[in-house]
Amino acid sequence: MKKYKIINIILVVVTVLSILTSGVPAMAQGKVNRAAGTATISAILFEDLNSDGKQDPNESGIEGITMRLLDDSGTEIKKTVTDKAGRYTFDELASGMYQLKIDYPLGYVKVTSGPLPFSSEGFSSHFDLDDDETYTGGWIGFNSTDPSITGTVFNDENKSGIKDTSEKGIAGIDLGLYLIGSSTLVQTTKSDANGNYSFTKITPDKSYEVKALSIPSKYEVIENNNFDKNGKSIQFDLKTQDKKTNVNLALYENIPVTDISVEPKELIQFVGDTGKLKVTITPNNATDKEVTYASLDPSVMTVDQDGNWEAKAVGNTIITVTTKNGKTAYVRVTVKEILADGISVEPKILDQYVGDTGKLKVTITPDNTTNKNVSYMSVDPSILTIDQEGNWVAKSPGNTMVLVTTSNGKMAVVQVIVREKPVLPDKIVVEPKVLDQFVGDTGKLKVTYQPSNTNVKDATFTSVNPEIMTVDQEGNWEAKSPGVTVIIVLTSNNKMATVSVTVREKDIPVEKVKVEPSILDQYVGDTGTLNVTITPANATNKNVTFTSANPEIMTVDASGNWVAKAVGRTEITVTASNGVTGTVQVIVREREIPVEDIKVEPSILDQYVGDTGTLNVTITPANATNKNVTFSSLNPEIMTVDASGNWVAKAVGSTTIIVTTSSGKTAVVQVTVREREVPVTSIKVEPSVLDQYVGDKGTLKVTITPNNATNKNVTFTSANPEIMTVDASGNWVAKAVGRTEITVTASNGVTGTVQVIVREREIPVEDIKVEPSILDQYVGDTGTLNVTITPANATNKNVTFSSLNPEIMTVDASGNWVAKAVGTTTIIVTTSNGKNALVQVTVREREVPVTSIKVEPSVLDQYVGDKGTLKVTITPDNATNKNVTFTSANPEIMTVDALGNWEAKAVGKTKITVTASNGMTAIVEVTVRKREGVGVTFYDFPKYLGYFIEKGTGTAKNFDDDYNSVPPHPDLGPDYYKVKKVGYVTVKDTGLYTFSIEVDDNGAVYLDDEKIIDRDNITGGTLSNFRYLRAGQTIRITTEHFNKEAPVSYFHLRWQTPSNPYSPKAIPDSEITME
C-alpha cells in the first residue's frame, strides 16, 4: 500500500511540474477540476458470450478499455482503464450531471448494455448523480468478432442427452478444439465449477470439432445432438461472429455403493410375527441400489426380495442383505415361543337348573399363542362337574366356580349357580282388582301365586295407558292424569290378572297472573300480543279475560291482541277464572316524521381565493318533524362554512363540505379553490455567456421571477442553429465556429438572452502507453522503451523519460535504458500536456542454480500418529533461490506441510517429493504401519467413595491380565481396581465369531459400542457371546477387568473363528493394533 502511495505522490508532482514547465494554462489541458464529493460511478465491461445481459461465471471482464468521464458540458473530467476484472471506477465525485465516453475495443462488438445507453460513437446519455450514490448502470456486454463455441459439461441423470434444470454441471473436464481432418490441437479448455466451457477467438472460415480429452472412468458419455458416444462433437463450419452455444456434453456418473446399513440390526420376534427390513444405501445417490435378501435358516425366519420377513419357528438365524457390488449388512434373528397373555371364557356366569348340560367356549390371546391347551377344574364337583373338553353337567343346587388355566398359568373363572327345577303357577290373583284414585296418588299391587309351592314368581306389570297410571315391575303404581285404563299382570307361562283403573283430577286454584310486557309505550297504529303466565303451572283452570279501561286509546281482544288507537294513557286488566288479576300500563304517542332526503345547491364550488357565498338546503319530505342541519368543512384552511351555510374560499386546494340532518342524512359539496393568475415579470438565464469548443454540450438554467408566477413554461430559440442548437429543455450543442445568440421566451412574451461564442478545439494527447510496462532484468542488460500516443493525430507528441533512481537504471531522452545495479525503481514517461505512463523496474543479480538436493532421512518407516520434520540440504550453498516445495503422493497416508513437517495418517506406502525452484527433486520413501498392542487405563476404587478414579494409562501386548497379588500400576494396590483395555482387530474371514472370558471377579467385553459380555461372579451373567463379522471389517474391542481382592487376579479373552469354531484361543498379538 505504501508503494502505491509513493507512486501516486510522484505522479501528482510530475503532473504539476509538467504543467508549470509547459507554459500552457491549466484549463487548456481539456479538463475541468471539480471539488471532491461522495458519489461513485463503477461498472464492468465483459464478454457476454450468450448475449443475455448478465455476466455469467464463464464470462470474463475485458481489461484495458479506456473510459472517460465528462461533465454536463461534454468536457473531460477524468479518464481510467478497466482492470483485469473489466471494472472501471470514478470515485470522490460531486453531485451533478455527467456523461461517459468509451473507446470501443478492437475485435469486439457491443451486444448488451445497462440502463445507461451508449451511442455508436461511444457517448452515453447524460445522467444525474446524487451525493453518496454509487451508479452502476454503465455496464456493457461485448461479443468478440471472432467465432466461439460454448457449452456445459453436465451430469445427465436421466440419460436424455438434454440438460434439465436440476442437472448440475461437472467441473474439471478437459476439452480440445481440433481442425477437421487434422490431429492438430487448436485450443484446450477445462470446464469450470458450473461445468461451463468456452473456445473463443477462433480463426474464422474453417471447420472444427470439439473432443473430450479426459473423462474420469466413473463417467459414461451420453450421445446427443452435439457429441457422439466417444465424446467427439459434430462439425462446426465457423464464419466471422459465429457463436455456437449450448454445445453441451452429457455425461452419466456411475456412483458405486460404498456402504449399506439395515434396520433393525437385531430381530427378537415370536413365531408368526411379520415385518419389513429398512435398508439405507450410502451414498444416497448411488447408481444401483438393488439388494438381495437371504436367510441362513428359512425354517426359522423367511425373507423375500422386498425385505418382508416372517418368523416361522423357534430358533436363531442370520439374514444377509447384499448389494450388487458385494456390500453386505447382517440382521441377527431370534424367534421365541408365543405365550398366552390372556384367557377369556364364555359364559362367565352359569345360572342353571339341576340336570342342565353345556360346554364352555375359551378364547386365548394373542390369537397366535404357540400352546393353546387349557385345563378345566370344578371347585365343587357335587354341584357341577366339567371334563377336559369343557363339557359341564349341573348336579345339585348350590354355588361353585369353574377354573380354566393355560399351560403358562393364565386363569379365567366361571361363577356357577345351580337351582332346582321350576314350579310354574296355575293361577294368579291381584289385589285390589279396582283402583279409583286422584292424580298424584301412589300405591302397590299384591300378587298371590297358586299353587302355594310355586317357585317361579316372575309376573310382569303393564299399564295399558301409562299417561293415566304408571306401574313398575314391583307393582308400584302412580296416578298421572285423569282417565280410565287397565293394568295387566302376566307370568312367564301366560297366567294373567287385570286391575281396572280410574284417575280423577284434583282442583288446583290460580295463585298469580303475570302479563308481559307490563308496560306498553307505543305509537298510534302499533299492534301486538300480550303474553300471560299462570302460577302454579298445574292450575286446574288457566283461562283468562282481557279488558281495556279505555278502548278509544287501546283495544284488546280475548286472545290478548292489542291495537294502539289514539294518543293517551289507559290500563289493560287480565283476570283469571278465580278473580286473580294482572295489569298492563299503556301509553300511546303520535308517530314522528323523519327526514328522507337532503339536497344542497350548488353541489360543486369552483372558486378563487377570497370568494364568498351561501349554500341552499332542501329537506324531503317538506313536513319532516326536525329540519335542522349542520355544516362542516373537511379542510377549513381551504374553505370555511358557518352554521347558516355561509362559505369563504381561504386557500388553494380541494376539500369537501358535508351537510348533515339530525337523523344522520348527509349531502356533500365538492370544493376546488384556485389562485388568481400571477404573470412572469423577468427571466434570468445561466450562463448568460457560452464560450465553448465545437462539440461541447450542456444545459441552460432558467430562473423565473416572481417565483409564484402561474405559468413558468419557456421556449428556447437559437439565432443561428448552424453555430449552436438548443432544444425545448435548454440542452445546447456547439456545432461550428462563430457567434450567435439564444433567446429564452416566457408565455407572456418576457425574454432572456445568452451570448454564444464557439471556437475550434485543440487535439490534446489523451493517453500514453509504454512497452514493456514491466522490466525484470539482470545487471548490465540494455534496451529501448516503445511509446504509443493516443490519438495518433495529437498536436504535440513529445515525451520526456525520467528514472526515479538512475543508480539502479538509467534512461536517456530517446528511451534507451541500462540496468546498473540490483534494486527496484520506476521510469516515468510524460507528455507535453502531463499525461504519464510508468515502467516498473526490477534489476537482479545473475542467478546461481540449484544442482542437487539432499533430504534426511531419505526413508521414513513410522507408525500411525508419528510426526517429524525433514531436513533439506541445497547444493551449491550459494544457490540464488533455495526455496523448496514438499509434496506427498498420498496425503491420506502421510501429510507434509510447506516447512517439511510430516504426520503419519494411515497405514500404507507413499512418497514425499522435495522440489527446488528450478525443478531439481529428491524423494523420501514412506511406510506407515499400525502400532501393535492395546491402550490401557487404570482405575482405583476407594470403598469409602464408592466410584472409580483414573490413576494412569499405558500400553500392553494383548487383552489378558494375570496380576494376582502384584498391583497393575504404581498408584494402585493389589485389590479393588479396574483395568480397561482398548484395541483394534481386522477380521480375516466372514462368519460367526464367539467371544468368551475367564475372570476371577467381574469382567465385560464391548465390540465397538455394544456390550456383548457382562459377568459378575456374585450376580452372574454371560461368559460368552457371538457376533457375525465380515472379512476386512475392523472392530474396536474394549475389555474391563474388575478385581476385588488379592491374591487371585486374572482376565483372559478368547475367541472362536470360522476357521477354528470349536477351540477357544487368544487373539494373536500380531493382529491387535492401537488404531
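Guide: A residue is called buried when its relative accessible area is under 20%, exposed when it is over 50%, and partly exposed in between. The model discussed here is a predicted one.

Visitor: Why is V413 called partly exposed?

Guide: The relative accessible area of V413 is 35%. That value lies between 20% and 50%, so V413 counts as partly exposed. The residue belongs to strand β36, which covers residues 411-419.

Visitor: What makes V413 eligible for a nonpolar surface patch?

Guide: A patch takes residues with over 30% relative accessible area and no salt bridge. With 35%, V413 passes that cut-off. Its partners in the patch are M377, V379, M401 and M411, and together the five residues have about 420 Å² of accessible area.

Visitor: How do you know that E686 and K684 form a salt bridge?

Guide: The rule asks for a side-chain nitrogen of Lys or Arg within 4 Å of a carboxyl oxygen of Asp or Glu. The closest N and O atoms of E686 and K684 are 4.0 Å apart, and the pair is counted as a salt bridge. E686 is partly exposed, because its relative accessibility is 33%. K684 is also partly exposed, because its relative accessible area is 49%, which is not over 50%.

Visitor: What makes the contact of D776 with R844 a salt bridge, and which parts of the chain does the pair tie together?

Guide: The closest N and O atoms are 2.6 Å apart, and the cut-off is 4 Å, so the pair qualifies. D776 lies in strand β74 (residues 774-778) and R844 in strand β81 (residues 836-844), so the salt bridge ties together parts that are 68 residues apart in sequence. D776, at 43%, is partly exposed, and R844, at 39%, is partly exposed as well.

Visitor: Are K981 and D961 buried or exposed, and what joins their side chains?

Guide: The side chains of K981 and D961 meet in a salt bridge, at 2.6 Å from N to O. K981 lies in strand β94 (residues 977-986) and D961 in strand β93 (residues 961-962), so parts 20 residues apart in sequence are tied together. K981 and D961 are both buried, which means that each has under 20% relative accessible area.

Visitor: How many salt bridges does the rule give, and which residues are linked in a network?

Guide: The count comes to 35 salt bridges. A network of them links R68, E76, K101, D103 and E766.

Visitor: Why are β57 and β60 said to stand at the edges of their sheet?

Guide: The open sheet has three strands in the order β57-β61-β60, paired antiparallel. β57 (612-614) and β60 (639-641) each have a single partner strand, so one side of each is left without a neighbour in the sheet. Neighbouring strands are turned by 20 degrees against each other on average, direction ignored.

Visitor: How do you know that β60 and β61 pair?

Guide: Pairing requires at least two bridges, and β60 and β61 (residues 646-649) have three, so they count as paired. In this antiparallel pair, M639 stands opposite A649.

Visitor: What makes the two faces of strand β88 differ?

Guide: In a regular strand, side chains alternate between the two faces of the sheet. In β88 (residues 901-904), W902 and A904 point to one face and are buried, while N901 and E903 point to the other and are not. Three bridges join β88 to the antiparallel strand β84, where G868 stands opposite W902. Another three bridges join β87 to β88, also antiparallel, and M894 stands opposite A904.

Technical notes:
Residues numbered from 1 in each chain as written. Predicted model: local features only at pLDDT ≥ 70, side-chain atom pairs only at ≥ 80, totals over all residues. Heavy atoms only, no water. Patch = residues over 30% accessible without salt bridge, like charges linked within 9 Å, V, L, I, M, F, W, Y side chains within 5 Å. Areas by Shrake-Rupley, 256 points an atom, 1.4 Å probe, with all protein chains shown as cover. Helix = DSSP H or I, 4+ residues; strand = E, 2+ residues; numbered from the N terminus. Buried < 20%, exposed > 50% of the residue type's maximum accessible area, 1.4 Å probe, protein only. Axes fitted to C-alpha atoms, helices over the stretch in contact; angles between N-to-C directions.
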